[in-house]
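Here are some exercises to work through with the model open beside you. Try each task before reading its solution.

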Amino acid sequence: MDIIEQVSLKPYNTFGVASIAQYFTEIESRKDIDELITWHQQHDLRYLLVGGGSNLLFKNDYQGLVAHIRLKGKAVIATDSDANYVRAGAGENWHEFVRWTIDQGMAGLENLSLIPGTVGAAPIQNIGAYGIELVDRLHLVEAVDLETGKSREFDVAECQLGYRDSYFKSVGLGRYLITAVTFRLPHKPEWKVAYAGVKDELEGKALSSRLISDTIIAIRQSKLPDPVVIGNAGSFFKNPVMSESAWQVLKAKYVDLPGYPQDNQRVKTSAAWLIDQCGWKGKKQGSAGVYDKHALVLVNYGGATGADLWAVAESVIRSVEDKFALTLEPEPRVI
Ligand code: EPU
């Protein structure tokens, strides 16, 4: 494991923020993980594990060690009468992995096409889009406990996956380095195409995983900026979930308020709608702003610092609080 000093994090976060890491390393093998643990025991410095950097906002430079996960490999490791079990290294690019499963003739991940980031980051926030969440397809997470150095497997229940949430993001934050993820992909496709927008596009067409994936790619490209062109981290805020009664009170005042019923009499509303109502869509403060085609996306138009982006995020949070008395929570990790 080579450690480099004073490295720009610009290539390692999809916001394209040029914060500086005091120390930086690449994790490519089990040996590198063991060396990372030893390094951590010898240095009184924090460290941060980074995959695709698509779910991070660096507000400042990072004092400590940034470890970029590059554990690779993908393969069908088992097949039974119901499903294929497909394992991928944590450092594999998520979208390339999804397309690879489709190329192999497997269904199940098509709705999650074009989500930025890596395979290893996917369970951390239980990525989801267009009616499917990672939890629906997950079989097993392999990780190394960074306190003990021991390998450990997590079954689906142990991952405690919720809406953009998991054990790894809450109680287990920072303790485990995810090394690989195995998915269970049923032989009989369970295509989900009821989501508004997807359904209309596919009406009357012969379904296939490739067609659904292509359709979702086109929808995402029409609404969400490509991080290679405009720095962003996808949705910057989580959709607020509240009690049905609290939602009814708001709905009485704002008749167009969206509501998506969840379990336990709770209702999810749309953060994008709330932000849009506050007039933030397309607004800029210097090089940072809110994307003009989707109000949930914070964007770096070029040269914005993490502090600039965070200032916009804080202003958005304040506006939504003032108008709706709801506090938006960031979806990415703000460091
Ligand atoms: N809307 C607005 N203004 C906008 C955009 C949307 O009012 O500028 C309203 C509309 O009422 C629309 C509703 O918001 O019907 C929902 O919009 P959309 O379908 O785009 O979904 P979302 O709730 O904004 C979530 C995920 C996305 C995921 C989409 C599609 C979160 C935080 N975001 O967005 O995930 O792609 O659903 O399933 O749950 C991500 O996490 O980075 C991400 C992009």
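Contact means heavy atoms within 4.5 Å. The model is predicted: local features need pLDDT of at least 70 and side-chain atom pairs pLDDT 80 or more, while totals for chains, interfaces and linings use all residues. Residues are numbered from 1 along each chain as its sequence is written, and side-chain values use heavy atoms, without hydrogens and water.

**Exercise 1.** Place Phe-168 and list its contacts beyond four places in sequence.

*Solution.* Start with the loop between helix H3 (156–159) and strand E12 (176–186), where Phe-168 sits; helices (H or I, at least four residues) and strands (E, at least two) are DSSP runs, numbered from the N terminus. Next, check accessibility: Phe-168 is buried at 5% (buried is under 20% relative accessible area, exposed over 50%, partly exposed in between; 1.4 Å probe, protein chains only). Finally, its contacts are Pro-123, Ile-124, Val-141, Phe-154, Cys-159, Leu-173, Gly-174, Tyr-176 and Ile-178.

**Exercise 2.** Find what the side chain of Asn-126 reaches through polar atoms.

*Solution.* First, go to the loop between helix H2 (94–103) and strand E8 (128–129), which holds Asn-126. Its relative accessible area is 0%, so Asn-126 is buried. Then look at Glu-133, whose side chain makes a polar contact of 3.3 Å with that of Asn-126 (N or O atoms within 3.5 Å; within protein, one able to donate a hydrogen and the other to accept it, with residues adjacent in sequence counting only if both atoms are side-chain atoms). Last, a polar atom of the Asn-126 side chain lies 3.1 Å from the backbone nitrogen of Val-135.
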